[in-house]
Amino acid sequence: MTVQQIKDFLKDIALIILLFLGILALAVFMDAHGEEFSEAEAMFVKIDTNKDTFIDVTEFNAWHLAMYDDLDTDRDGLLSSKECKESCFSDDTKGKVPRYPFETIDSDYNKLITVSEYVAYIKQQFRVSDRNEDRVLDKKEFIALHAGLDERSFIAEDTQFKGEE
């Protein structure tokens, strides 16, 4: 075997190892995040009411305003931290609580989220998520938004909302 053949052989082995490691990393990632992606995909289908495989700002806002109405359990037109804590998360969160509703969405820091504060927040989320600036979210952009919110929105299970018991 010549020196060049040995070099080529080693390059081939290195490529095979890198490919294997990439597949392994993807499998580990999907195992850890697979449910998150399937949940985001299911939500995407629900929000895309005109079934054009994109979520436009009208669909995005309509979904979120309906969610706001669902969260407002006392029907006073405002979201309290208690309503979010009790309504936003199911048993799937394993006791985790939201990190940012009243530090990010509640712009006047009165511990209540108004519809206008909520709309401003979701408009910002749409703009930030629309990475190619085509004024619609494709599935990839929406899943990235969903995954980003999940990453940022939960902290340790024993943490409470700021200022609450």
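Residues count as buried under 20% relative accessible area, as exposed over 50%, and as partly exposed in between. The views below are taken from a predicted model.

**View 1. Phe-9 and the nonpolar surface patch.** With a relative accessible area of 45%, Phe-9 lies between those two limits and is therefore partly exposed. Phe-9 is a residue of helix H1, and it contributes to a nonpolar surface patch of about 1200 Å². The other contributors to this patch include Met-1, Ile-6, Leu-10, Ile-13, Phe-20 and Leu-21.

**View 2. Overall fold of the chain.** The chain contains 6 helices and 6 strands, which alternate along the sequence in the pattern α-β-α-β-α-β-α-β-α-β-α-β. Of its 165 residues, 28% count as buried, and the accessible surface comes to about 11300 Å², with 59% of that area belonging to carbon and sulfur atoms. Among contacts with a separation of 6 or more, 57% join residues that are 24 or more positions apart.

**View 3. The largest nonpolar core.** This core has 17 residues, and those touching the most other members are Ile-55, Phe-60, Leu-79, Ile-113, Tyr-118, Leu-137 and Phe-142. At least two residues of the core are supplied by each of helix H1 (3-47), helix H2 (57-71), helix H5 (115-129) and helix H6 (139-153), and the largest share, 4 residues, comes from H5.

**View 4. The surroundings of Phe-60.** When residues up to four places away in sequence are not counted, Phe-60 touches Ile-47, Ile-55, Ile-122, Gln-125, Phe-126, Leu-137 and Leu-145. Of these partners, Ile-55 and Leu-137 are listed, like Phe-60 itself, among the core residues that touch the most other members.

**View 5. Asp-130 in the loop between H5 and S5.** Asp-130 is found in the loop between H5 and S5, and it counts as buried because its relative accessibility of 7% is under 20%. Leaving aside neighbours within four places in sequence, Asp-130 is in contact with Arg-135, Val-136, Leu-137 and Glu-141. For the last of these partners, Glu-141, the C-alpha atom is separated by 6.5 Å from that of Asp-130, although the two residues are 11 residues apart along the chain.

**View 6. Glu-133 and Tyr-109, two residues with positive phi.** Most residues other than glycine have a negative phi. Glu-133, which is not a glycine, has a positive phi of about 55 degrees and is found in the loop between H5 and strand S5 (136-137). With a relative accessibility of 67%, Glu-133 counts as exposed. Tyr-109 likewise has a positive phi, near 55 degrees, and its place is in the loop between helix H4 (101-105) and strand S4 (112-113). Tyr-109 is exposed as well, with a relative accessible area of 61%.

**View 7. Confidence along the chain.** The mean pLDDT of the chain is 75, and 70% of its residues reach 70 or more. Among the elements, strand S1 (residues 55-56) has the highest mean pLDDT, at 96, whereas strand S6 (residues 154-155) has the lowest, at 36. Over residues 89-100 the pLDDT is below 50, and this stretch has 25 contacts in the model beyond near neighbours in sequence. Over residues 150-165 the pLDDT is also below 50, and here the model has 33 contacts beyond near neighbours in sequence.

Methods:
Residues are numbered from 1 along each chain as its sequence is written. This is a predicted model: local features need pLDDT of at least 70, side-chain atom pairs count only at pLDDT 80 or more; totals for chains, interfaces and linings use all residues. Side-chain values use heavy atoms; hydrogens and water are left out. Buried means under 20% relative accessible area, exposed over 50%, partly exposed in between (1.4 Å probe, protein chains only). Contact means heavy atoms within 4.5 Å. Accessible areas come from the Shrake-Rupley method with a 1.4 Å probe; for residues, only the protein chains shown count as cover. A nonpolar core is a set of buried Ala, Val, Leu, Ile, Met, Phe, Trp, Tyr and Cys residues joined through side-chain atoms within 4.5 Å. pLDDT is the predictor's confidence in each residue, from 0 to 100. Patches are made of residues with over 30% relative accessible area and no salt bridge: like charges are joined within 9 Å, nonpolar side chains (Val, Leu, Ile, Met, Phe, Trp, Tyr) within 5 Å. A salt bridge is a side-chain nitrogen of Lys or Arg within 4 Å of a carboxyl oxygen of Asp or Glu.
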